[in-house]
Amino acid sequence: MYTDKILVIGANGQVGTALLPVLQNAFGINNVVGSDLFTPAAPCCIFEKLDATNAADLAHICKKHRITQIYHLAAILSAKGEADPVWAWNLNMTTLLNVFEVARALELKKVFVPSSIAVFGGSAQRHYTPQNTYLDPTTIYGVSKVAAENWSVYYHKRYGLDIRSLRYPGVISYQSMPGGGTTDYAVDMFHKAVFNENYVCYLSEDTRLPMIYINDALNATLNLMEAPSDTITIRSSYNLAGVSFTPGELTKAINIHFPDFKCDFLPDFRQKIADSWPCSIDDSEARKDWGWKPAFDLERMTAAMFSKLAAVKVS
(Lines give C-alpha, C1' and ligand atoms only; values in the text may rest on other atoms or scores of the structure.)
Protein backbone atom coordinates (compact mmCIF):
# COMPACT_ATOMS: atom_id res chain seq x y z
CA MET A 1 0.00 0.00 0.00
CA TYR A 2 1.31 3.45 -0.93
CA THR A 3 2.09 5.62 2.10
CA ASP A 4 2.72 9.34 2.22
CA LYS A 5 6.20 10.47 3.25
CA ILE A 6 6.29 13.76 5.11
CA LEU A 7 9.14 16.31 5.30
CA VAL A 8 8.93 18.92 8.06
CA ILE A 9 11.17 21.95 7.43
CA GLY A 10 11.92 23.97 10.55
CA ALA A 11 11.30 20.93 12.74
CA ASN A 12 13.20 22.40 15.72
CA GLY A 13 10.83 25.36 16.04
CA GLN A 14 7.78 25.83 18.24
CA VAL A 15 5.20 24.24 15.94
CA GLY A 16 7.61 21.75 14.36
CA THR A 17 8.69 20.27 17.69
CA ALA A 18 5.07 19.57 18.60
CA LEU A 19 3.99 18.50 15.11
CA LEU A 20 6.55 15.74 14.55
CA PRO A 21 5.09 13.18 16.99
CA VAL A 22 1.55 13.95 15.79
CA LEU A 23 2.57 13.23 12.20
CA GLN A 24 4.41 10.08 13.31
CA ASN A 25 1.25 8.85 14.98
CA ALA A 26 -0.78 9.56 11.82
CA PHE A 27 1.64 8.31 9.15
CA GLY A 28 4.10 6.04 10.98
CA ILE A 29 7.47 6.80 12.52
CA ASN A 30 9.41 5.80 9.39
CA ASN A 31 7.33 8.05 7.15
CA VAL A 32 8.15 11.38 8.80
CA VAL A 33 11.43 13.21 8.19
CA GLY A 34 12.40 16.22 10.28
CA SER A 35 14.84 18.85 9.05
CA ASP A 36 16.44 22.01 10.35
CA LEU A 37 19.75 23.86 10.45
CA PHE A 38 21.04 21.51 13.13
CA THR A 39 20.22 17.97 14.23
CA PRO A 40 18.93 17.65 17.81
CA ALA A 41 21.03 15.65 20.26
CA ALA A 42 18.24 13.08 20.49
CA PRO A 43 16.04 13.39 17.39
CA CYS A 44 12.62 11.80 17.70
CA CYS A 45 12.46 10.82 14.04
CA ILE A 46 14.50 10.44 10.88
CA PHE A 47 16.32 13.77 10.72
CA GLU A 48 18.24 15.64 8.01
CA LYS A 49 20.37 18.72 8.49
CA LEU A 50 19.00 21.23 5.97
CA ASP A 51 19.44 24.87 5.09
CA ALA A 52 16.23 25.41 3.12
CA THR A 53 17.78 28.35 1.26
CA ASN A 54 19.71 25.66 -0.65
CA ALA A 55 17.27 24.34 -3.25
CA ALA A 56 19.58 21.53 -4.39
CA ASP A 57 19.88 20.11 -0.88
CA LEU A 58 16.12 20.34 -0.40
CA ALA A 59 15.49 18.49 -3.67
CA HIS A 60 18.07 15.83 -2.74
CA ILE A 61 16.37 15.11 0.59
CA CYS A 62 12.96 14.92 -1.07
CA LYS A 63 14.24 12.43 -3.64
CA LYS A 64 16.22 10.42 -1.09
CA HIS A 65 13.19 9.87 1.15
CA ARG A 66 10.56 9.86 -1.62
CA ILE A 67 8.74 12.75 0.01
CA THR A 68 5.11 13.35 -1.01
CA GLN A 69 4.18 16.20 1.37
CA ILE A 70 6.11 19.14 2.82
CA TYR A 71 5.25 21.11 5.95
CA HIS A 72 7.29 24.29 5.56
CA LEU A 73 7.56 25.85 9.03
CA ALA A 74 10.89 27.70 8.77
CA ALA A 75 10.58 31.50 9.06
CA ILE A 76 11.92 34.53 10.88
CA LEU A 77 9.15 35.76 13.20
CA SER A 78 7.82 39.26 13.81
CA ALA A 79 9.94 40.76 16.59
CA LYS A 80 13.16 39.06 15.50
CA GLY A 81 12.61 40.05 11.89
CA GLU A 82 12.43 43.75 12.73
CA ALA A 83 16.06 43.63 13.89
CA ASP A 84 17.17 42.90 10.31
CA PRO A 85 14.27 43.20 7.83
CA VAL A 86 16.24 42.54 4.63
CA TRP A 87 17.76 39.35 6.04
CA ALA A 88 14.33 38.20 7.29
CA TRP A 89 12.67 38.90 3.93
CA ASN A 90 15.38 37.13 1.95
CA LEU A 91 15.31 34.05 4.18
CA ASN A 92 11.53 33.80 4.30
CA MET A 93 11.09 34.27 0.57
CA THR A 94 14.01 32.14 -0.59
CA THR A 95 12.95 29.15 1.48
CA LEU A 96 9.32 29.53 0.39
CA LEU A 97 10.09 29.63 -3.32
CA ASN A 98 12.55 26.75 -3.00
CA VAL A 99 9.81 24.65 -1.42
CA PHE A 100 7.29 25.56 -4.11
CA GLU A 101 9.71 24.93 -6.96
CA VAL A 102 10.86 21.58 -5.59
CA ALA A 103 7.25 20.57 -4.93
CA ARG A 104 6.30 21.56 -8.48
CA ALA A 105 9.25 19.84 -10.13
CA LEU A 106 8.83 16.61 -8.16
CA GLU A 107 5.03 16.72 -8.38
CA LEU A 108 4.48 16.44 -4.63
CA LYS A 109 0.93 15.86 -3.45
CA LYS A 110 0.57 18.62 -0.85
CA VAL A 111 2.41 21.52 0.78
CA PHE A 112 1.56 23.24 4.05
CA VAL A 113 2.80 26.82 4.55
CA PRO A 114 1.56 28.62 7.66
CA SER A 115 0.59 32.26 7.52
CA SER A 116 -0.14 34.52 10.49
CA ILE A 117 -2.36 37.22 11.94
CA ALA A 118 0.67 39.42 11.17
CA VAL A 119 -0.76 39.84 7.63
CA PHE A 120 -3.32 42.26 9.08
CA GLY A 121 -2.61 45.92 9.69
CA GLY A 122 -4.36 49.14 10.57
CA SER A 123 -6.88 48.94 7.74
CA ALA A 124 -8.39 45.64 8.89
CA GLN A 125 -11.41 45.43 11.16
CA ARG A 126 -9.91 44.71 14.61
CA HIS A 127 -12.80 42.76 16.11
CA TYR A 128 -13.71 39.49 14.38
CA THR A 129 -11.42 40.31 11.50
CA PRO A 130 -13.00 38.80 8.37
CA GLN A 131 -11.37 36.32 6.02
CA ASN A 132 -11.24 38.75 3.12
CA THR A 133 -10.01 42.19 4.07
CA TYR A 134 -7.30 44.69 3.21
CA LEU A 135 -3.84 43.46 4.19
CA ASP A 136 -1.36 46.18 5.18
CA PRO A 137 1.08 44.54 7.61
CA THR A 138 3.43 46.61 9.79
CA THR A 139 6.29 44.08 10.10
CA ILE A 140 8.53 42.45 7.52
CA TYR A 141 7.28 39.10 8.83
CA GLY A 142 3.74 40.14 7.96
CA VAL A 143 4.85 41.46 4.57
CA SER A 144 6.53 38.14 3.79
CA LYS A 145 3.41 36.22 4.86
CA VAL A 146 1.18 38.30 2.57
CA ALA A 147 3.61 37.56 -0.25
CA ALA A 148 3.55 33.86 0.67
CA GLU A 149 -0.25 33.84 0.51
CA ASN A 150 -0.17 35.41 -2.96
CA TRP A 151 2.52 32.98 -4.15
CA SER A 152 0.39 30.11 -2.84
CA VAL A 153 -2.59 31.22 -4.92
CA TYR A 154 -0.34 31.69 -7.96
CA TYR A 155 1.27 28.25 -7.74
CA HIS A 156 -2.13 26.62 -7.24
CA LYS A 157 -3.69 28.37 -10.22
CA ARG A 158 -0.64 28.17 -12.52
CA TYR A 159 0.68 24.70 -11.69
CA GLY A 160 -2.13 22.98 -9.78
CA LEU A 161 0.05 22.64 -6.67
CA ASP A 162 -2.08 21.69 -3.66
CA ILE A 163 -0.92 24.29 -1.13
CA ARG A 164 -2.81 24.75 2.13
CA SER A 165 -2.37 27.37 4.81
CA LEU A 166 -3.64 28.70 8.13
CA ARG A 167 -3.28 32.19 9.55
CA TYR A 168 -2.01 31.13 12.97
CA PRO A 169 -2.76 33.37 15.94
CA GLY A 170 -0.18 33.38 18.75
CA VAL A 171 0.59 29.73 19.48
CA ILE A 172 0.79 28.72 23.17
CA SER A 173 2.90 25.59 23.68
CA TYR A 174 4.93 23.82 26.35
CA GLN A 175 7.27 21.88 24.05
CA SER A 176 9.72 24.71 23.36
CA MET A 177 10.75 28.16 24.55
CA PRO A 178 9.66 31.44 22.88
CA GLY A 179 11.15 31.99 19.44
CA GLY A 180 10.97 35.72 18.72
CA GLY A 181 7.27 36.36 18.13
CA THR A 182 5.30 39.29 19.55
CA THR A 183 2.72 36.95 21.12
CA ASP A 184 5.44 34.90 22.84
CA TYR A 185 4.97 36.83 26.09
CA ALA A 186 2.23 34.35 27.02
CA VAL A 187 4.49 31.30 26.72
CA ASP A 188 7.16 33.09 28.75
CA MET A 189 4.69 33.95 31.51
CA PHE A 190 3.75 30.30 31.97
CA HIS A 191 7.40 29.28 32.24
CA LYS A 192 8.16 32.03 34.75
CA ALA A 193 5.20 31.08 36.95
CA VAL A 194 6.19 27.40 37.08
CA PHE A 195 9.69 28.36 38.25
CA ASN A 196 8.31 30.81 40.85
CA GLU A 197 9.59 33.87 39.01
CA ASN A 198 7.75 37.11 38.29
CA TYR A 199 7.51 38.60 34.81
CA VAL A 200 7.92 41.96 33.11
CA CYS A 201 5.62 42.03 30.09
CA TYR A 202 6.59 44.04 27.02
CA LEU A 203 2.91 44.66 26.17
CA SER A 204 0.35 46.72 28.08
CA GLU A 205 -2.02 45.00 30.48
CA ASP A 206 -5.07 45.47 28.22
CA THR A 207 -3.56 44.42 24.86
CA ARG A 208 -6.02 41.84 23.51
CA LEU A 209 -4.64 39.44 20.90
CA PRO A 210 -5.84 36.20 19.29
CA MET A 211 -4.10 33.09 20.64
CA ILE A 212 -4.41 29.34 20.21
CA TYR A 213 -3.31 26.39 22.34
CA ILE A 214 -0.85 24.07 20.60
CA ASN A 215 -3.24 21.08 20.62
CA ASP A 216 -5.85 23.12 18.77
CA ALA A 217 -3.25 24.44 16.33
CA LEU A 218 -2.03 20.92 15.53
CA ASN A 219 -5.55 19.55 15.15
CA ALA A 220 -6.45 22.39 12.80
CA THR A 221 -3.33 21.78 10.73
CA LEU A 222 -3.95 18.06 10.29
CA ASN A 223 -7.67 18.52 9.70
CA LEU A 224 -6.93 21.04 6.96
CA MET A 225 -4.29 18.85 5.34
CA GLU A 226 -6.52 15.76 5.38
CA ALA A 227 -9.62 17.55 4.07
CA PRO A 228 -10.71 16.61 0.52
CA SER A 229 -9.25 19.02 -2.01
CA ASP A 230 -12.65 20.03 -3.34
CA THR A 231 -13.66 21.36 0.09
CA ILE A 232 -10.75 23.82 0.21
CA THR A 233 -12.11 27.14 -1.03
CA ILE A 234 -9.36 29.39 0.38
CA ARG A 235 -6.01 29.00 -1.35
CA SER A 236 -4.33 32.01 0.24
CA SER A 237 -4.70 31.16 3.95
CA TYR A 238 -7.61 30.37 6.25
CA ASN A 239 -8.38 32.58 9.23
CA LEU A 240 -7.99 30.53 12.42
CA ALA A 241 -9.22 31.45 15.92
CA GLY A 242 -8.71 29.90 19.33
CA VAL A 243 -9.12 32.28 22.25
CA SER A 244 -8.42 36.02 22.65
CA PHE A 245 -7.11 37.45 25.92
CA THR A 246 -4.97 40.23 27.39
CA PRO A 247 -1.79 39.97 29.49
CA GLY A 248 -3.86 41.14 32.44
CA GLU A 249 -6.42 38.38 31.95
CA LEU A 250 -3.67 35.80 31.59
CA THR A 251 -2.10 37.02 34.83
CA LYS A 252 -5.40 36.45 36.65
CA ALA A 253 -5.75 32.97 35.11
CA ILE A 254 -2.21 32.12 36.24
CA ASN A 255 -2.93 33.44 39.75
CA ILE A 256 -5.58 30.75 40.20
CA HIS A 257 -2.75 28.21 40.08
CA PHE A 258 0.11 30.40 41.36
CA PRO A 259 -1.34 33.10 43.66
CA ASP A 260 2.06 34.72 44.30
CA PHE A 261 2.88 35.24 40.61
CA LYS A 262 3.19 38.91 39.70
CA CYS A 263 3.44 40.62 36.33
CA ASP A 264 4.58 44.18 35.68
CA PHE A 265 3.93 45.89 32.38
CA LEU A 266 6.63 47.81 30.55
CA PRO A 267 5.69 48.12 26.85
CA ASP A 268 8.51 48.32 24.30
CA PHE A 269 8.67 48.41 20.47
CA ARG A 270 6.52 45.27 20.30
CA GLN A 271 3.53 47.20 21.61
CA LYS A 272 3.23 49.04 18.30
CA ILE A 273 3.29 45.71 16.46
CA ALA A 274 0.57 44.27 18.70
CA ASP A 275 -1.59 47.38 18.32
CA SER A 276 -1.68 46.83 14.56
CA TRP A 277 -3.06 43.29 14.90
CA PRO A 278 -6.65 42.09 15.40
CA CYS A 279 -8.25 41.57 18.81
CA SER A 280 -10.26 38.61 17.54
CA ILE A 281 -10.64 36.59 14.34
CA ASP A 282 -13.63 35.48 12.27
CA ASP A 283 -12.80 31.91 11.23
CA SER A 284 -16.23 31.00 9.85
CA GLU A 285 -14.76 29.88 6.51
CA ALA A 286 -12.61 27.24 8.20
CA ARG A 287 -15.58 26.09 10.26
CA LYS A 288 -17.75 25.83 7.15
CA ASP A 289 -15.23 24.20 4.79
CA TRP A 290 -13.57 21.57 6.98
CA GLY A 291 -15.34 21.61 10.33
CA TRP A 292 -12.87 23.59 12.42
CA LYS A 293 -13.76 24.09 16.09
CA PRO A 294 -11.32 24.91 18.94
CA ALA A 295 -11.42 22.89 22.17
CA PHE A 296 -9.42 25.11 24.56
CA ASP A 297 -10.55 28.32 26.24
CA LEU A 298 -8.28 30.38 28.52
CA GLU A 299 -9.00 28.38 31.68
CA ARG A 300 -8.59 24.96 30.08
CA MET A 301 -5.45 26.07 28.25
CA THR A 302 -3.90 27.45 31.46
CA ALA A 303 -4.57 24.22 33.35
CA ALA A 304 -3.13 22.14 30.50
CA MET A 305 0.00 24.30 30.25
CA PHE A 306 0.76 24.01 33.96
CA SER A 307 0.15 20.27 33.94
CA LYS A 308 2.61 19.80 31.09
CA LEU A 309 5.22 22.26 32.41
CA ALA A 310 5.10 20.70 35.86
CA ALA A 311 6.07 17.37 34.30
CA VAL A 312 8.93 19.05 32.41
CA LYS A 313 10.12 20.74 35.62
CA VAL A 314 10.24 17.42 37.50
CA SER A 315 12.12 15.67 34.70
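**Helix packing and selected residues in a predicted model**

I would like to begin with a helix pair, where Pro85, Ala88, Trp89, Asn92, Met93, Leu96, Leu97, Phe100, Glu101 and Arg104 in α4 meet Ile140, Tyr141, Val143, Ser144, Ala147, Ala148, Trp151, Ser152, Tyr155 and Tyr159 in α5. Sorted by class, the contact of α4 with α5 has 15 nonpolar, three polar and two charged residues. Please keep in mind throughout that this is a predicted model.

Two packed helices are described by the angle between their axes and the distance between the axes. For the pair I have just named, α4 covers residues 85–105 and α5 covers residues 140–159, and they pack at an angle of about 15°, with their axes 10 Å apart. Because angles under 35 degrees count as roughly parallel, α4 is roughly parallel to α5. As for handedness, the crossing in which α4 passes α5 is right-handed.

Let me turn to a second pair, helix α1, residues 14–27, and helix α7, residues 214–226, whose axes come within 10 Å and cross at roughly 50°. That angle makes α1 oblique to α7, and here, too, we have a right-handed crossing, with α1 passing α7. On the α1 side the contact is made by Val15, Ala18, Leu19, Val22, Leu23, Ala26 and Phe27, while α7 contributes Ile214, Leu218, Leu222 and Glu226. When the residues of this contact of α1 with α7 are divided by class, ten are nonpolar, none is polar and one is charged.

The next helix is α6, residues 185–194, and it is mostly covered, given that nine of its ten residues are buried. The buried residues of α6 are Tyr185, Ala186, Val187, Asp188, Met189, Phe190, His191, Ala193 and Val194. What follows α6 in the chain? It is Asn196, a residue whose phi is positive, near 60°.

Asn196 deserves a moment, since most residues other than glycine have a negative phi. Asn196 is found in the loop between α6 and β10, the latter spanning 199–201, and with a relative accessible area of 63% Asn196 is exposed. Arg66 is another residue other than glycine with a positive phi, in this case near 55°. The loop that holds Arg66 runs between α2 (55–65) and β4 (69–72), and, at 69% relative accessibility, Arg66 counts as exposed.

From that loop we can step into strand β4 itself, which is the place of Ile70. Is Ile70 buried or exposed? Ile70 counts as buried, because its relative accessibility is 0%. Leaving aside neighbours within four places in sequence, Ile70 is in contact with Leu7, Ile9, Cys62, Val99, Leu108, Lys110, Val111 and Phe112. Ile70 and Lys109 are 39 residues apart along the chain, and their C-alpha atoms are separated by 8.8 Å.

Val243, in strand β13 (residues 243–245), can be described in a similar manner. At 14% relative accessibility, Val243 counts as buried, and, if we do not count residues up to four places away in sequence, Val243 touches Leu209, Pro210, Met211, Phe296, Asp297 and Leu298. The C-alpha atoms of Val243 and Met301 are separated by 9.4 Å, although the two residues are 58 residues apart along the chain.

I will finish with two residues that make polar contacts. Arg167 lies in strand β8, residues 166–168, and at 4% relative accessibility this arginine counts as buried. What does the side chain of Arg167 reach at 3.0 Å? It is the backbone oxygen of Gln131. The side chain of Arg167 also makes a polar contact, of 2.9 Å, with the side chain of Asn239.

The other residue is Ser276, which is located in the loop between α9 (270–275) and α10 (284–290). Ser276 is buried, because its relative accessible area of 9% falls under the 20% cut-off. Its side chain and that of Thr138 are joined by a polar contact of 2.9 Å. Not counting residues up to four places away in sequence, Ser276 touches Phe120, Gly121, Gly122 and Thr138, and with Ser276 I come to the end of my tour.

Technical notes. Residues numbered from 1 in each chain as written. Predicted model: local features only at pLDDT ≥ 70, side-chain atom pairs only at ≥ 80, totals over all residues. Heavy atoms only, no water. Axes fitted to C-alpha atoms, helices over the stretch in contact; angles between N-to-C directions. Helix = DSSP H or I, 4+ residues; strand = E, 2+ residues; numbered from the N terminus. Parallel < 35°, antiparallel > 145°, perpendicular 65-115°, else oblique. Left-handed = near helix turned anticlockwise from the far one by under 90°. Contact = heavy atoms within 4.5 Å. Nonpolar A, V, L, I, M, F, W, Y, C, P; charged D, E, K, R; others polar. Buried < 20%, exposed > 50% of the residue type's maximum accessible area, 1.4 Å probe, protein only. Polar contact = N/O pair within 3.5 Å; in protein donor to acceptor, adjacent residues only side chain to side chain.
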